[in-house]
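Please examine the model displayed below. The explanation that follows leads through selected parts of it in turn.

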Amino acid sequence: MAAAADEAWCRETVPRVMELVSPRLPQRDACALLSVSPWCHRALAANPKLWEVLDLHEMKKAGERLISALTLARYRHLKVVNLEFAQDIEDRHFLHLKETGAILLEELELLNLNACQKISDTGIGAATSLCPNLRALSIYWIVGLTDASIEHAVKNCKQIIDLNLSGCKNISDRGIQLVADNYQGLQKLDITRCIKLTDDALQKVLEKCSALESLNMYALSSFTDKAYTKIGYLANLTFLDLCGAQGSQNLTDDGLSSISRCGSLTYLNLSWCVRVTDVGVVAIAQGCRSLELLSLFGILGVTDACLEALSKSCPNSLTTLDVNGCTGIKRRSRDDLIQLFPRLSCFKVHS
């Protein structure tokens with residue numbers, strides 16, 4: 001009787017419990033539970049949502065794990081593969097998957113290869129050939145990649161709307177022009193530390209990718225107002241990071257005044273944009289009335305005048321304000337700042 005009751009419990013109760021619990025489990029915990037019992041295995045394997053993500057970030061032997069996972073039926077409907085900072089993932093693993101011809105990740109939407117330093121242009125070519133309907137590709141800080149990787153991406157993946165090239169220091173104007181020509185529906189672009197890019201390439205992107213909502217351009221010294229003025233044409237832009245990293249930014253008030261036409265901006269990082277003054281920030285205050293975060297860190301040319309303008313234009317939206325190092329802005333108490341910006345929850349002021 002006891003054995004029969006145990007079997008009934010495993011057959012009936014365990015699947016119901018797994019059905020309730022599994023959506024809240026990290027995938028690695030779910031994988032560990034697969035081996036607990038045949039009942040757990042069946043219940044978990046039968047939940048398709050659980051296997052839409054393959055999370056191998058920071059794992060060792062990630063290449064072998066990737067190949068093994070993709071042979072399993074439960075991963076046939078993968079939407080996300082995360083290999084960020086994974087170890088032991090190389091070109092040969094993606095080439096193997098391509099050459100077998102048995103794997104095609106038609107439902108994959110996001111491929112994260114951030115910091116997979118052993119991946120080269122060849123690996124990107126093989127990887128992108130496996131996922132023709134990819135929507136987001138992130139290849140942050142794979143410094144050996146070149147324009148050839150962009151060529152592979154635009155050839156194999158026509159639907160990308162989110163592209164992270166941060167730290168890819170060998171991507172040149174040619175690669176970014178390919179992005180502009182082929183991804184005109186792009187919504188998110190990160191070109192942080194893509195140090196070979198010039199105004200001409202950025203202008204093309206800004207002119208052709210008019211649907212951009214997020215643009216990250218941290219630590220780039222090669223751009224000037226010639227390109228920055230084009231940012232003002234991005235009507236949907238909500239996130240803009242122009243941090244100058246120790247004063248390397250060439251943005252001036254003229255460029256910032258053009259950016260003020262981006263009325264949907266909620267996040268604006270101007271840290272170390274040392275050529276900016278009150279004139280540019282006042283223009284932003286008047287044009288971007290939905291700002292939630294503004295960083296003016298390290299800008300000596302701004303004064304209390306810009307705070308007054310911000311307090312009149314976006315007092316009820318601004319929640320984060322960084323004026324650390326802005327010696328032209330007088331030191332204020334928390335209560336004084338709250339009077340200017342009632343919703344302010346995070347602020348940094350110079351000491």
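Which residues of helix H12 (residues 278–287) are buried? In this predicted model, the buried residues of H12 are Asp-278, Gly-280, Val-281, Ala-283, Ile-284 and Ala-285. The elements that cover these buried residues include two helices, H11 (253–259) and H13 (304–313), together with strand S9 (267–269).

A second region for inspection is the pairing of two helices. Helix H8 spans residues 173–182 and helix H9 spans residues 199–208; the two pack with their axes 9 Å apart, at an angle of about 10°. Because angles under 35 degrees count as roughly parallel, H8 is described as roughly parallel to H9. On the H8 side, the residues that meet H9 are Asp-173, Ile-176, Gln-177, Ala-180 and Asp-181. Their counterparts in H9 are Ala-201, Lys-204, Val-205 and Lys-208. By character, the residues of this contact between H8 and H9 divide into 4 nonpolar, 1 polar and 4 charged.

Finally, attention may turn to a single residue. Asp-147 belongs to helix H7, which covers residues 147–156. Is Asp-147 buried or exposed? Its relative accessible area is 9%, and since buried means under 20%, Asp-147 is classed as buried. The side chain of Asp-147 is joined to that of Ser-172 by a polar contact of 2.4 Å. When neighbours within four places in sequence are left aside, the residues in contact with Asp-147 are Asn-170, Ile-171, Ser-172, Arg-174 and Gly-175. Ser-172 therefore appears both in this set of contacts and as the partner in the polar contact, with Asp-147 itself buried.

Terms used
Residues numbered from 1 in each chain as written. Predicted model: local features only at pLDDT ≥ 70, side-chain atom pairs only at ≥ 80, totals over all residues. Heavy atoms only, no water. Helix = DSSP H or I, 4+ residues; strand = E, 2+ residues; numbered from the N terminus. Buried < 20%, exposed > 50% of the residue type's maximum accessible area, 1.4 Å probe, protein only. Polar contact = N/O pair within 3.5 Å; in protein donor to acceptor, adjacent residues only side chain to side chain. Contact = heavy atoms within 4.5 Å. Axes fitted to C-alpha atoms, helices over the stretch in contact; angles between N-to-C directions. Parallel < 35°, antiparallel > 145°, perpendicular 65-115°, else oblique. Nonpolar A, V, L, I, M, F, W, Y, C, P; charged D, E, K, R; others polar.
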